[in-house]
Amino acid sequence: MTQAFSTCDFCDAHKSDDSGNFRWLPGVFRSYGGLSRFAGPVGTVKCFEDNSLVKAAVESPGNGRVLVVDGAGSLRRALLGGQLAMAAAHHGWAGLVINGCVRDVAELAQAQVGILALGLVPMPTDRKGQGLADVPLQVQGVSVRPGDWLYADADGVVISSNRL
């Protein structure tokens, strides 16, 4: 999605929406990717210190989607590194939001994809084929479902049940 948007403007327009259709993530995520603004429909992965399904997702067509990865907030293993970030950009993912850590910070900054994560850690995961894909998540206490729309910019991340 290339059109300009502002998460602040979205929040201003939806500040009284108590339907649950408009949500926002807490400001705990840091930007690591080559794009600081990204948006698209959500795909999801739920995993813990195993990035097998993250790898499978970013190596498949992204079609402008945003992959939201619930790594349970683990700060012990990186769920995304430079090679997978480049794969995500190559396969047309708009961005990734990782409730966990990433690594290869210089390579992530070169990837033409948005990447938000809690932090950095150099330790990779073990790939054991564990996790779930395309399931509803709770990320930092916020509901995120496959097919939701996610918008991220320098001010934060908002999620909507419908395209804004």
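These are my notebook entries on what I looked up in this predicted model.

**Entry 1: overall build**

I began with the whole protein. I found 4 helices and 12 strands. Along the principal axes, the C-alpha atoms fill a box of roughly 45 × 25 × 25 Å. I then checked the radius of gyration: it is 14 Å, which agrees with the value near 15 Å for a compact globule with 164 residues. Of those 164 residues, 48% count as buried.

Next I looked at how the contacts are spread along the chain. Taking contacts with a separation of 6 or more, I see that 74% join residues 24 or more positions apart. The accessible surface comes to about 7,700 Å², and carbon and sulfur atoms own 50% of that. For charge, I have 14 positive and 15 negative ones, with mean positions 5 Å apart.

**Entry 2: salt bridges**

How many salt bridges does a search of the whole structure find? I get 7. I followed up a few of them.

Arg 23 pairs with Asp 148, and their closest N and O atoms are 2.4 Å apart. Arg 23 sits in strand 1 (residues 22–24), while Asp 148 is in the loop between strand 10 (142–144) and strand 11 (149–153), so this pair ties together parts that lie 125 residues apart in sequence. Are the two partners buried or exposed? Arg 23 is buried, at 8% relative accessible area. Asp 148 is buried too, with a value of 3%.

Asp 148 has another partner to note: its side chain also meets that of Arg 145 in a salt bridge, at 3.7 Å from N to O. Arg 145 is partly exposed, with 31% relative accessibility. I therefore drew Arg 23, Arg 145 and Asp 148 as one linked network of salt bridges, with the buried cut-off of under 20% placing Arg 23 and Asp 148 on the buried side. A friendly reminder to myself: side chains of opposite charge can pair when their charged atoms come close.

**Entry 3: Asp 104 and its neighbour**

I also looked at the salt bridge between Asp 104 and Arg 103, where the closest N and O atoms are 3.9 Å apart. With the limit for a salt bridge at 4 Å, this pair is within the cut-off. Asp 104 is partly exposed at 30%, and Arg 103 is partly exposed at 27%. I placed Asp 104 in the loop between strand 6 and helix 4. Its backbone caught my eye as well: phi of Asp 104 is near 65 degrees, a positive value in a residue other than glycine.

**Entry 4: Glu 49 and its phi**

Glu 49 went on my list for its backbone too. Its phi is positive, about 55 degrees, although Glu 49 is not a glycine. I find Glu 49 in the loop between strand 3 (38–46) and helix 2. Is Glu 49 buried or exposed? It is buried, with a relative accessible area of 13%.

**Entry 5: helix 3**

Then I turned to helix 3, residues 82–90. Which of its residues are buried? I noted Gly 82, Leu 84, Ala 85, Ala 87 and Ala 88. An α-helix has 3.6 residues a turn, so residues three or four places apart point the same way.

What do the buried residues of helix 3 pack against? My list has two helices on it, helix 2 (52–58) and helix 4 (105–110). It also has strand 5 (78–80), strand 6 (95–102) and strand 7 (114–120). Just after helix 3 comes Gly 92, and I read a positive phi of about 85 degrees there.

**Entry 6: Gln 140**

My last stop was Gln 140, in the loop between strand 9 (137–139) and strand 10. Gln 140 is partly exposed, at 34% relative accessible area. Which residues does Gln 140 contact, leaving aside its neighbours within four places in sequence? I wrote down Pro 26, Val 28, Phe 29, Asn 99 and Leu 118. I also checked Gln 140 against Leu 25: the two are 115 residues apart along the chain, yet their C-alpha atoms are separated by 7.0 Å.

Methods: Residues are numbered from 1 along each chain as its sequence is written. This is a predicted model: local features need pLDDT of at least 70, side-chain atom pairs count only at pLDDT 80 or more; totals for chains, interfaces and linings use all residues. Side-chain values use heavy atoms; hydrogens and water are left out. Buried means under 20% relative accessible area, exposed over 50%, partly exposed in between (1.4 Å probe, protein chains only). The radius of gyration is taken over C-alpha atoms; the globule rule is 2.2 Å times the number of residues to the power 0.38. Contact means heavy atoms within 4.5 Å. Accessible areas come from the Shrake-Rupley method with a 1.4 Å probe; for residues, only the protein chains shown count as cover. Lys and Arg count as positive and Asp and Glu as negative; His and the chain ends are not counted. The place of a charge is taken as NZ of Lys, CZ of Arg, CG of Asp or CD of Glu.
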